[in-house]
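The following exercises ask the reader to work through one protein chain with its bound ligand. Each task is followed by a solution in steps.

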Amino acid sequence: MIVKKYTGPTAYEAMNQLKKELGSDAVVLNTRKVRQKGFLGFFKKPIVEITAAYESKDSLASRPHIENNMVKVSNELMALKTMIEDISSTMVKTELEIPVELKRYHVRLLENGVDHSIATSILGELNEQIDFSDKDEQAIHDIVKYAISEYIGRAQPMNIDNRGGQKVIFLIGPTGVGKTTTLAKLVAKLTMEKKHKIGLITSDTYRVAAVEQLKTYSDIMQLPLEVIYNSRDFNRTLIKFKEKDFIFVDTAGKNHRKVTKEDELYEMMNSAKNREVYLVLSGTTNFSVLKSIIEQYSFIKDYKIIFTKMDEAREFGNILNVKYLTRNSLAYMTNGQNVPDDIDILDRDKVTDWLIGEDPYERSS
Ligand SMILES: Nc1nc2c(ncn2[C@@H]2O[C@H](COP(=O)(O)OP(=O)(O)OP(=O)(O)O)[C@@H](O)[C@H]2O)c(=O)[nH]1
Ligand SMILES: [Mg+2]
């Protein structure tokens, strides 16, 4: 049996070519649209590829048990067909098509720092669901905007309803991303409500200055601060703080490549029953590093995400990139060094506008 591929601008033309060469006995195994190869192929119209199998007359005649062989061939064909269907179904997924109506959104997402495969997969999947060819500009814009904002999801800030008992809040993440500053912002905002009892813990004993840094904030806000060195200290401090509604735990920044679930920090985290964990990521970190950070922290399932230093970030695409990859909720965005003002609950509509807006730099005005 021989398997051959025929391509043409349309299925009709590919089929004609096939019939001319193989005759009408050939069996069509699969028909699919493919992109032309090479970089420029992405911009060209897809072509149709037909895969056909046929048995050459000579070989059939020369076999002694033709009937048996036909059964065998037919079984083989079935197996081959299944195999090719499997291959082509995975190929279609990676070759999602961006229709001309969505091209400009694709370009904008890329310009705004959304990863190529993520942008392609979001818009390509949208195109598989919705026919854009009969829609006007406004309708297309609304659909794309809605889709992106669904991917970003509703922000999940700190739940300050603590009827479920004392809440322990951990800020974790790489070095220097703004964990301590962000913690101070969150605590200061909560203190302003004047109705919660708050305790602070730092497990960052790695740097002398780190304890000092949090001590300064705890003095200003008149909140107790405990320094802990291990999980035994942590449990003791929880007991000491048993009257508190909220306990905030600042942790030492760690090179993400050295993060493991055996670290004592995670033992502590697991011993707090009612906890909220925030993974703090900087808006200035590039996507390939962010990818390896989220990979490294993936053993923690329930963390929410805070993006810091958005005032220094050039693009906002990483918000969508990280959300798309982790599926974890986004919570806050920080945009400056001022405690407590420079923090906001992540605004999905604003982020969506930045991602598909005409001018990515408009946001800074
Ligand atoms: N521009 C800008 N700077 C920020 C922001 N948040 C924090 N910073 C600055 O980033 C620097 C590091 O902040 P820290 O809060 O000490 O960071 P950290 O994650 O606690 O650092 P380590 O504990 O050493 O891992 C400080 O100079 C902060 O003022 C922000 O939203 N925007
Ligand atoms: Mg710190």
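**Exercise 1: The ligand shell**

Task: Identify the element that gives the largest share of the shell around ligand 1, and describe that shell.

Solution. Step 1: Helix H7 (residues 179-192) supplies the largest share of the shell, with 3 residues. Helices (H or I, at least four residues) and strands (E, at least two) are DSSP runs, numbered from the N terminus. The model is predicted: local features need pLDDT of at least 70 and side-chain atom pairs count only at pLDDT 80 or more, while totals for chains, interfaces and linings use all residues. Residues are numbered from 1 along each chain as its sequence is written, and chains are lettered from A and ligands numbered from 1 in the order in which they are written.

Step 2: The shell holds 20 residues, of which Gly178, Lys179, Thr180, Thr181 and Gly253 come nearest. A residue is near a molecule or strand if its C-beta atom, placed from the backbone, lies within 6 Å of it.

Step 3: By class, the shell residues are 3 nonpolar, 11 polar and 6 charged. Here Ala, Val, Leu, Ile, Met, Phe, Trp, Tyr, Cys and Pro count as nonpolar, Asp, Glu, Lys and Arg as charged, and the others, Gly among them, as polar.

**Exercise 2: The sheet of 8 strands**

Task: State the strand order of the open sheet of 8 strands, and place helix H7 relative to its strands.

Solution. Step 1: The order is E6-E5-E7-E4-E8-E9-E10-E11, and the pairing is mixed. Two strands pair if DSSP finds at least two bridges between them.

Step 2: Strand E6 (225-227) and strand E11 (343-345) are the edge strands, each pairing on one side only. From one strand to the next, the twist averages 20°.

Step 3: Strand E4 (residues 167-172) and strand E8 (residues 275-282) are parallel partners over 5 bridges. Within this pair, Val168 stands opposite Arg275 in E8.

Step 4: H7 lies across E4, strand E5 (198-202), strand E7 (246-250), E8, strand E9 (304-308), strand E10 (330-334) and E11, and runs at about 165° to E7. Axes are lines fitted to C-alpha atoms, for helices over the stretch in contact, and angles run from 0 to 180 degrees between N-to-C directions.

**Exercise 3: The nonpolar cores**

Task: Which residues touch the most other members of the largest nonpolar core?

Solution. Step 1: A nonpolar core is a set of buried Ala, Val, Leu, Ile, Met, Phe, Trp, Tyr and Cys residues joined through C-beta atoms within 7 Å. A residue is buried if 20 or more other C-beta atoms lie within 10 Å of its own, exposed if 12 or fewer, and partly exposed in between, with C-beta atoms placed from the backbone.

Step 2: The largest core has 67 residues, and Phe170, Phe248, Tyr278, Leu279, Leu281 and Ile305 touch the most other members.

Step 3: Beyond its neighbours within four places in sequence, Phe170 is in contact (C-beta atoms, placed from the backbone, within 7 Å) with Val249, Thr251, Met269, Arg275, Val277 and Tyr278. Another core, of 8 residues, lies apart from the largest one and includes Tyr6, Ala14, Leu29 and Ala52.

**Exercise 4: The sheet of 3 strands**

Task: Determine which strands stand at the edges of the open sheet of 3 strands, and list its pairings.

Solution. Step 1: The order is E1-E3-E2, with antiparallel pairing. Strand E1 (2-8) and strand E2 (27-34) each have a single partner strand, so one side of each is left without a neighbour in the sheet.

Step 2: E2 pairs with strand E3 (residues 47-54) over 7 bridges; Val28 has Ala52 as its bridge partner, and Arg32 stands opposite Glu49. E1 and E3 are likewise joined by 7 bridges, with Val48 as the bridge partner of Gly8.

Step 3: Helix H1 (residues 11-22) lies across E1, E2 and E3, at about 25° to E3.

**Exercise 5: Backbone exceptions**

Task: Where are Gln222, Arg327 and Pro340 found?

Solution. Step 1: Most residues other than glycine have a negative phi, and most peptide bonds are trans.

Step 2: Gln222, in the loop between helix H8 (208-221) and E6, has a positive phi near 55°. Arg327, in the loop between helix H12 (317-326) and E10, has a positive phi near 65°.

Step 3: The Val339 to Pro340 peptide bond is cis, with omega near 5°, and Pro340 is in the loop between E10 and E11.

Methods: Contact = placed C-beta atoms within 7 Å.
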